[in-house]
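Hi,

Here is the structure I promised to pass on. Have a look at it first, and then read on for my notes.

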Amino acid sequence: MVTHPPKREEVYMMMEELYETLAEMGYFERKLISTPVDENMPNATLARQLGYSELAIEVMNQLPYVRMRKTEEEEENNEDIFVWGAENEFLLYGSFADMRDDGALEACRDPFYGLSRSRNGEAEKGWDEDGGPYMRPDWVCLSDVGNHGVVMILDVKTLKLWTIDQINGNADPALTPIEDEYKPSGNSNSPKNYPSRLTRDALRDYIQKFKSLEWMPGSMYNGTYEGDEYARLYRENGWPSSFNRAPFEDLRFAEGKLNSTLKYIQTREKIWRLENWSLLPGDAEDKEKSKKDFEDGLKKAVEKLPRIQEKIDTARRGVMGAIPSYPTVLGGNFAGTVEEVGEGVDDGLVVGDQVFGFTWQTNPLKAHQTYVTLPTYLLGKIPKNSTPQAAVTLPDNLVTVFHSLTKDLDLSLPYPLPLSYAPAKEYAERPFLVWGGSSSVGQFAIQVLRFYGYKNIVTTASPKHFALLESFGATKCFDYRQADCISNILSYTSSFSASSDSPAIPLILDCIGSLPSSLLPISKLAKKGAKVAVLLPVIEKDSTETEVPIYIMDAAAPVKWEEGVRVRGVRTHFYLEVSFSPQVSLFNLKGDSCLPLRKEEKEREGNRADAKQNEHFKTTLQPKIVPSLLEKGIIKPNAYRLVEGETLLERAQLAMDILRRKEVSGERLVWRVSEE
């Protein structure tokens, strides 16, 4: 906590950092941030006429601003200088205040639009009366109010900051509102009626709220997104450590268009269901024409959806196919030796312990480097009956299994396993399909399901892996390469359907995530009522030694699913988040109609996982559960192949070449990172 006396320079620096953060988020171009220069400062003559003090004018001369007006060149080129800053609003619907603009300079003497003036422009009332002046000479706006939004007001003498919502009063979450009976001013517009704090502390908090995505920049009119949807987009595109702005912009536009189109359809379908055409204006002929126009508009909107979805898929390929920034560190799974334990860490770890884990968030945490610094909930001790080479095959894909089964297929997987535990009756004896059983995820999924009592685990693989998968717990294996694979699975499972709403295969885990190799065949097996979890990204076109892959991030969109099938994409990187945004199809297909998910459906979908279990997995999955399952032999590691080479780069490149040549089957590649 800063304890030295506040300085005006701190305010200037913090405002610049705030603007830089917004530029990093892609809210506007960095070139718009500027500080006043001699020939372009606030109009001092006008400022004095408006009642600003000399100290306030000095401060305004030093503050950084976000330029609001285009240059002549930008005008000529018809440039949109704000990338997505709709209405020029950025802070809880408050607008940028560029005090070099005479209009802003004047508007900020009455940011709440509460000043009553006579015909000659003079204030009609006093400082402590409603309608009278309330902005003191030493008070300066750091933001303008926008439309029913928030304004930041700086006292240049005390360097205290008010953050006030025009409608609701205090908007600083760190401050407690002042009770009405204790308000010190008779003028209801006066900032004195609200609490304030040192500007440096407030701005530091606001910057952090933007960086953590608790706050989103922009207007209440900045599109069709809610804040949590923007946060999802940012995280998907690498925020904050490796933000990939180009696909973020493409996705923001395409998904926004999809959202607005779906809302249009939803609204009109509600009206359509009412069939209250008698309320339309005009005679019978006019009503019939209006009805036809209504139908045509609805039909065109539905026809747009596939094209919009294609734009989203194209943008997502950019997300998955590009390294967001250089330098960047790769690597998820690791095994190594503890070199140092941070102060206050009390998890039983000591220098020299052998540990293993799965990490991904930021460069200091990633695995392909000699030293990794990370929190203890992302690692566990390697059991004495295992080796680093074997243990390192587990973390990411065993975490994926627990995450997908609990989050995306709604199963309960308590650990330690209670003596009284049994799978839900509707699943215990019926087929559970694991597509791609010989994959790393598939092998772990079969073993986990067997441990939790599932009796009918059906899987696909090459025949050479059948014996291994059966030893893990698979009940029936099918050769996915055979032309009759689908018909054989349907024949085997047909007797397990309890009713028309109870599919023969109620749960399906796609461990491959390939459009031609898994999604298309699974779509022929999944019937109404089935739940399908698909590992993301979905491979539309696989990589070769000379061609890059093409990926899709929506598991439901690429194929036509039977009505009533629920499809979700598995996003293991979100397993630490207790509140989870469900990855569901954007709409349900019903005949020729496209119906968005209703609010109650979204709420039901979003409530599918037990929050306490999520928290349990967050704090214990890697530190305790994964090591315990390995130590007790409940989970067998994947077979592995050691990749040798003189340097890390040589070993990593050789591993990538092996993968691209499709030389890996039923095993994982393991290589040494450190040269020591």
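Below is what turned up, sorted by topic.

One caveat before anything else: this is a predicted model.

**Cores**

On the general side, nonpolar side chains tend to be buried together in soluble globular proteins. In this model the largest nonpolar core has 61 residues, and the members that touch the most others are M15, F28, Y52, M60 and L63. Helix α1, residues 8–24, supplies the largest share of this core with eight residues. There is also a second core, separate from that one, with 52 residues; F356, L469, C511 and L629 are among them.

A buried spot you may want to click on is L519, which sits in helix α16 (residues 515–525). L519 counts as buried because its relative accessibility is 0%, the cut-off being under 20%. Its C-alpha atom is separated by 8.2 Å from that of P558, although the two are 39 residues apart along the chain.

**Salt bridges**

Side chains of opposite charge can pair when their charged atoms come close. The structure holds 21 such salt bridges, and three of them are worth a look.

- D172 and R197 meet at 2.8 Å, N to O. D172 belongs to the loop between β9 (169–170) and β10 (197–198), while R197 is in strand β10, so the pair links distant parts of the chain, 25 residues apart. Both D172 and R197 are buried.
- D396 pairs with R668, with 2.9 Å between the closest N and O atoms. This one also links distant parts of the chain: D396 is in helix α11 and R668 in strand β25, 272 residues apart. D396 is buried, at a relative accessible area of 15%.
- R204 and D201 meet at 3.1 Å, N to O. They are separated by about one helical turn because they are three residues apart in helix α6 (residues 199–211). R204 is partly exposed at 34% relative accessible area, whereas D201 counts as buried at 15% relative accessibility.

**Positive patch**

Which residues form the positive surface patch? They are K257, K300, K304 and R307. Helix α9 (residues 284–321) gives the most to this patch, with three residues. K300 lies in that helix, and K300 counts as exposed because its relative accessibility is 54%, where exposed means over 50%.

**Backbone oddities**

Most residues other than glycine have a negative phi, and most peptide bonds are trans. Here are some exceptions to check in your viewer.

The peptide bond from Y415 to P416 is cis, with omega near 0°. P416 is placed in the loop between α11 (395–408) and α12 (425–428). That loop between α11 and α12 also holds D410, which is not a glycine yet has a positive phi of about 65°. D410 is partly exposed, with 24% relative accessible area.

Another cis peptide bond runs from L536 to P537, again with omega near 0°. P537 is in the loop between β18 (531–535) and β19 (538–541).

Finally, K662 has a positive phi near 60° and is a residue other than glycine. K662 is found in the loop between α19 (648–660) and β25 (667–671), and is partly exposed with a relative accessible area of 46%.

Cheers

Notes
Residues numbered from 1 in each chain as written. Predicted model: local features only at pLDDT ≥ 70, side-chain atom pairs only at ≥ 80, totals over all residues. Heavy atoms only, no water. Patch = residues over 30% accessible without salt bridge, like charges linked within 9 Å, V, L, I, M, F, W, Y side chains within 5 Å. Areas by Shrake-Rupley, 256 points an atom, 1.4 Å probe, with all protein chains shown as cover. Salt bridge = Lys/Arg side-chain N within 4 Å of Asp/Glu carboxyl O. Lys, Arg positive; Asp, Glu negative; His and termini not counted. Charge placed at Lys NZ, Arg CZ, Asp CG, Glu CD. Helix = DSSP H or I, 4+ residues; strand = E, 2+ residues; numbered from the N terminus. Buried < 20%, exposed > 50% of the residue type's maximum accessible area, 1.4 Å probe, protein only. Core = buried A, V, L, I, M, F, W, Y, C linked by side-chain atoms within 4.5 Å.
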